[in-house]
Protein chains: 2
Amino acid sequence: MPRTVTERADVLPALSEVFREHGFEGASLALIGQRTGLGKGSLYHFFPGGKEEMAAAVLAEIDGWFGQHVFRPLREDDPQRAMPEMIRSVGAYFRSGGRVCLVGVFALGDVRDRFSAAIRSYFAAWIEALAQALVRAGRDDAVARDRAEEAVAAIQGALVLARALDDADAFRRSLARIEARLLA
Amino acid sequence: MPRTVTERADVLPALSEVFREHGFEGASLALIGQRTGLGKGSLYHFFPGGKEEMAAAVLAEIDGWFGQHVFRPLREDDPQRAMPEMIRSVGAYFRSGGRVCLVGVFALGDVRDRFSAAIRSYFAAWIEALAQALVRAGRDDAVARDRAEEAVAAIQGALVLARALDDADAFRRSLARIEARLLA
DNA sequence: GTCTATACAGTGATAGAC
DNA sequence: GTCTATCACTGTATAGAC
């Protein structure tokens with residue numbers, strides 16, 4: 001009984017988790033098949049470009065999610081409300097460090113070159129949006145840009161450290177420090 | 001004409017670079033053979049446990065290097081001198097972000113569980129050593145621990161960001177911020 | 001749209017000649 | 001100590017039946 005998945009987007013969540021947990025090379029088609037519940041035939045039907053297209057689709061979905069839930073509020077909403085909301089939203093998204101940032105993982109690996117445009121634009125957009133919020137909160141342009149870069153880097157570092165120490169509290173402490181520095 | 005490599009340590013630098021650049025799964029034996037200049041036979045002679053033993057040896061070497069050049073000075077030397085020296089030394093070691101932290105890469109990947117002890121002890125030792133320096137510089141214990149954790153996480157984050165943006169200056173700016181916060 | 005069968009290059013690892 | 005030959009297996013990708 002072949003099941004019917006009419007939407008390519010339906011498999012993106014599972015796909016995203018597999019890449020997150022195993023990286024690009026570690027995510028074998030066998031594993032992807034298991035986790036999405038689809039055979040190779042179906043996978044290649046939705047993603048004729050194979051793994052590379054799957055990863056690109058996942059990166060695009062992540063970029064879309066952050067654009068809507070993180071970057072846009074930073075650019076448009078009241079910064080004093082948007083920045084704490086970013087912290088909360090990031091804490092939930094990364095499950096207090098239990099989940100890693102796929103874009104960060106790709107940035108560190110040898111697949112970086114293959115997805116360099118998507119990786120670069122994700123981080124550039126984040127820094128830019130946060131800097132805008134800081135400017136509207138009254139900072140100088142240069143200071144805002146500096147603090148934004150520091151905060152985005154700190155979030156990535158917090159994910160590395162939380163995974164390394166296997167300590168969700170370390171991630172929560174990091175987020176609290178980042179929020180305090182942004183609002184100071 | 002078979003060349004003779006009497007020391008297992010002789011291949012560690014090349015081995016370390018391969019794992020750094022390609023991750024654990026991406027570092028194939030073929031690649032390792034090319035970069036070390038050794039055939040599989042020789043590799044398995046030095047590392048009977050295969051890739052896992054190779055990676056463990058690399059992690060041990062890294063831990064030794066940081067212990068000697070970073071952790072020990074932080075614990076023993078004048079903190080006002082040791083902390084800037086740590087920043088300088090880290091900047092050189094990671095080639096201004098052109099080189100990634102293998103321990104951090106492993107922490108984010110699915111090999112984390114296999115090397116969890118080594119990964120955890122590396123970061124724990126770093127935070128501990130830096131916290132000791134901060135205490136001797138006059139901070140309260142709790143504050144010192146917090147700042148140490150923040151700085152170590154920030155270094156990892158700076159590496160992710162520098163690779164993502166392909167921007168060595170971003171790494172240098174991050175290191176400057178971290179140094180300023182440590183000495184503030 | 002989903003599946004099974006298959007191609008074939010590449011994987012980690014081993015054996016044995018030198 | 002180093003090499004080559006070879007192992008069994010898994011990798012991605014494709015073809016074609018249904």
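Reader: Where is Asp110(A) found in chain A?
Author: Asp110(A) sits in the loop between α6 (102–108) and α7 (116–136) of chain A. Helices here are DSSP runs of H or I with at least four residues, strands are E runs of at least two, and both are numbered from the N terminus.

Reader: What should I know about the model and the labels?
Author: This is a predicted model, where local features need pLDDT of at least 70 and side-chain atom pairs count only at pLDDT 80 or more, while totals for chains, interfaces and linings use all residues. Residues are numbered from 1 along each chain as its sequence is written, chains are lettered from A and ligands numbered from 1 in the order in which they are written, and side-chain values use heavy atoms, leaving out hydrogens and water.

Reader: Back to Asp110(A). Is that residue buried, partly exposed or exposed?
Author: Partly exposed, because its relative accessibility is 30%. Buried means under 20% relative accessible area, exposed means over 50%, and partly exposed is in between (1.4 Å probe, protein chains only).

Reader: Which residues gather with Asp110(A) in a patch of negative charge?
Author: Glu25(A), Glu25(B) and Asp110(B) join Asp110(A) in that surface patch. Patch residues have over 30% relative accessible area and no salt bridge; like charges are joined within 9 Å, and nonpolar side chains (Val, Leu, Ile, Met, Phe, Trp, Tyr) within 5 Å. Asp and Glu count as negative, Lys and Arg as positive, and His and the chain ends are not counted.

Reader: How many salt bridges are there over all chains?
Author: The search of the whole structure finds 32. A salt bridge is a side-chain nitrogen of Lys or Arg within 4 Å of a carboxyl oxygen of Asp or Glu.

Reader: What does Glu85(A) form a salt bridge with?
Author: Arg88(A), and the closest N and O atoms are 3.0 Å apart. Both residues lie in helix α5 (residues 79–93) of chain A, 3 residues apart, about one turn of the helix. Glu85(A) is partly exposed at 35%.

Reader: And which residue does Arg172(A) pair with?
Author: Asp169(A), with the closest N and O atoms 2.6 Å apart. They are about one helical turn apart, because 3 residues separate them in helix α9 (residues 168–183) of chain A. Arg172(A) is partly exposed at 44%, and Asp169(A) is partly exposed at 42%.

Reader: Which residues are linked in a network of salt bridges?
Author: Asp146(A), Glu149(A), Asp167(B), Arg173(B) and Arg177(B). Within chain B, Arg173(B) bridges to Asp167(B), the closest N and O atoms being 3.7 Å apart. Arg173(B) is partly exposed at 35%, and Asp167(B) is partly exposed at 24%.

Reader: New topic. What turn lays chain B on chain A?
Author: A turn of 180°, with a shift of 0.0 Å along the axis and an RMSD of 0.0 Å. So the relation is that of a two-fold axis. In chain B, the C-alpha nearest the axis belongs to Gly157(B), 1.8 Å away from it. The superposition is by least squares on C-alpha atoms of residues with pLDDT of at least 70 in both copies.

Reader: Is Leu159(B) buried or exposed?
Author: Buried, at 1% relative accessibility. Leu159(B) lies in helix α8 (residues 141–165) of chain B. Its C-alpha is 6.2 Å from that of Val100(B), 59 residues apart along the chain.

Reader: What about the phi of Arg95(A)?
Author: Arg95(A) has a positive phi of about 50°, although it is not a glycine. Most residues other than glycine have a negative phi. Arg95(A) sits in the loop between α5 and α6 of chain A and is exposed at 53%.

Conventions: Accessible areas come from the Shrake-Rupley method with a 1.4 Å probe; for residues, only the protein chains shown count as cover. The place of a charge is taken as NZ of Lys, CZ of Arg, CG of Asp or CD of Glu.
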